[in-house]
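This report is for a reader who has not seen the structure before. Please look over the sequence and the model first.

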Amino acid sequence: MARSLRNPVGRRCVKSEDLWDVNMACSARDSAEQTYPNVIELNVGGQHFTTTLLTLTKQRNTMLGAMFSGLHRQPQDHDGRYFIDADAAAFACILRYLRDGELPPPDMTERVYRAAIYFGLQDLAGELEFTPGIMAQQIKEKYHAFLGNFEEAVKTILNAALNARCTILSGKCNTLWPKTRVVVAVHHKDRLPRTFNPLHTCARHKESGTRWVFAEVSLSPITNSSVSEAVYVEAVVEELVGRGFTVHVEELGKCDAGHEEVVLDSGDVQEPCFARLYQLLFHWKK
C-alpha cells in the first residue's frame, strides 16, 4: 500500500495540554506528516489485521494513537501492511477493546495487560488491574517487598544451585544430578550476634552420625522484625515452585558455631550464631 506524504505550509507549533494536539501541531515544524487511509492493513508479529484509523487513534493520548497520528512513519512489510512488532494475540484483544470495550478472557489477561502498558492504553490497563491474575501478581510483589531483599535471596539460591560442586558419597555424585542440594543459612537482623565472627561459615552437626552440613550460601539478614526465618524460606520456596522448579525444603536447625560458652578478653561472653539452616533440594527429573 503506497504512502502519500504532504508538506503542510504555514502551520505553527501550538502549545496544548493535549498530547495529540502537540504531536499534530509540532510535527509540521520539523518534518512532513504521514497520511494514513481510513481503512488500515496491519502486520502484527506476522498476523494480519484490518481495522480503521479511527479505531487505532480512538485513545489519542497513547503510544498506539501517536504511532498513527502522522508524526511518526510506520514501517511497512513487502505487501504494504503497516508493521507492528508485538504479540499478535494480545493485539487482537486490544482491537476488540478499542472497538466495543470488550475485555480479554482470563487466560489472556496478563499478556494483554503487558501489551496495554506498552502501548500506553491506561484505561485498559486500569480495568485489568482489578482482575484476579493481575491483582494476585501485584499483591505478591507487595508481599515480597514486605519480606525484604527477596529477589536477591532467590537469585543467590539459584546461583548456588547452578554452581554447586559434586560431592562423592558412596562412590556416586549425589549432590548434582538428578538432584542438587543447597544448604542456606538464614539470618535475622534482630538476632545478629555482636561478639561473634560474622564471617564464619555456618554449619550444623548431623545428629545421626558424625557428618557436618555446611551452608553453601548465607542470605542477607531479614530486615523485617515481624518476619520469621521459616516464613521467609517458605515464601522463597513458593516462588521457586511458581517459576517451575521442583524443590523441597527441610529445616536443619540452628548453626552450631559458637554455642559453647567462651569468655572474651573484654570479659563479655561470646554470643553464638543464631542463623537457621535450611536444606533446599532441587529435583531435575520428574
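The sections below describe a sheet, two helices and a set of salt bridges.

## The model

The structure is a predicted model. Every value in this report was computed from its atoms.

## A sheet of three strands

One open sheet has 3 strands in the order β4-β3-β5, and the pairing within the sheet is mixed. Strands β4 (47-52) and β5 (82-84) lie at the edges, each pairing on one side only. From one strand to the next, the twist averages 35°.

In general, the strands of a sheet pair through backbone hydrogen bonds, in parallel or antiparallel fashion. Strand β3 (residues 39-44) runs antiparallel to β4, and 6 bridges join the two. One of the bridge partners can be named: V44 is matched with Q47 in β4. Helix α4 (residues 88-100) lies across β3, β4 and β5, and runs at about 15° to β4.

## Helix α7 and what covers it

Helix α7 (residues 132-147) contains 16 residues. From its first C-alpha to its last it reaches 22 Å, close to the 22 Å expected at 1.5 Å a residue. Just after α7, G148 takes a positive phi of about 90°.

Which residues of α7 are buried? They are I134, H144 and L147. Seen down the axis of α7, the buried residues fall within an arc of 145°, so they line one face of the helix. The face turned away from that buried side carries the exposed residues P132, I139, K142 and A145. The cover over the buried residues of α7 includes α5, α6 (122-128), α8 (150-162) and α9 (229-242).

## T109 in helix α5

Helix α5 spans residues 109-118, and T109 is found in it. Is T109 buried or exposed? T109 has a relative accessible area of 7%, so it counts as buried, the cut-off being under 20%.

Apart from neighbours within four places in sequence, T109 is in contact with P104, L128, T131 and I134. Of these contacts, I134 is also listed among the buried residues of α7.

## Salt bridges

Side chains of opposite charge can pair when their charged atoms come close. How many salt bridges does a search of the whole structure find? The search finds 11. K140, E151, E239 and R243 are linked in a network of salt bridges.

Three pairs can be described one by one. R81 forms a salt bridge with D77, with the closest N and O atoms 3.9 Å apart. D77 is buried, at a relative accessible area of 17%. E102 forms a salt bridge with R96, where the closest N and O atoms are also 3.9 Å apart. E102 is partly exposed, with a relative accessible area of 37%, and R96 is partly exposed at 34%.

E251 forms a salt bridge with R276, the closest N and O atoms being 2.8 Å apart. This pair links distant parts of the chain, with E251 in strand β12 (residues 246-254) and R276 in strand β13 (residues 276-283), 25 residues apart. E251 has 40% relative accessibility and so counts as partly exposed. R276 is partly exposed as well, with a relative accessible area of 24%.

Key:
Residues numbered from 1 in each chain as written. Predicted model: local features only at pLDDT ≥ 70, side-chain atom pairs only at ≥ 80, totals over all residues. Heavy atoms only, no water. Helix = DSSP H or I, 4+ residues; strand = E, 2+ residues; numbered from the N terminus. Buried < 20%, exposed > 50% of the residue type's maximum accessible area, 1.4 Å probe, protein only. Contact = heavy atoms within 4.5 Å. Pairing = 2+ DSSP bridges. Axes fitted to C-alpha atoms, helices over the stretch in contact; angles between N-to-C directions. Salt bridge = Lys/Arg side-chain N within 4 Å of Asp/Glu carboxyl O. Expected span 1.5 Å × (residues − 1). Arc of directions from axis to C-beta.
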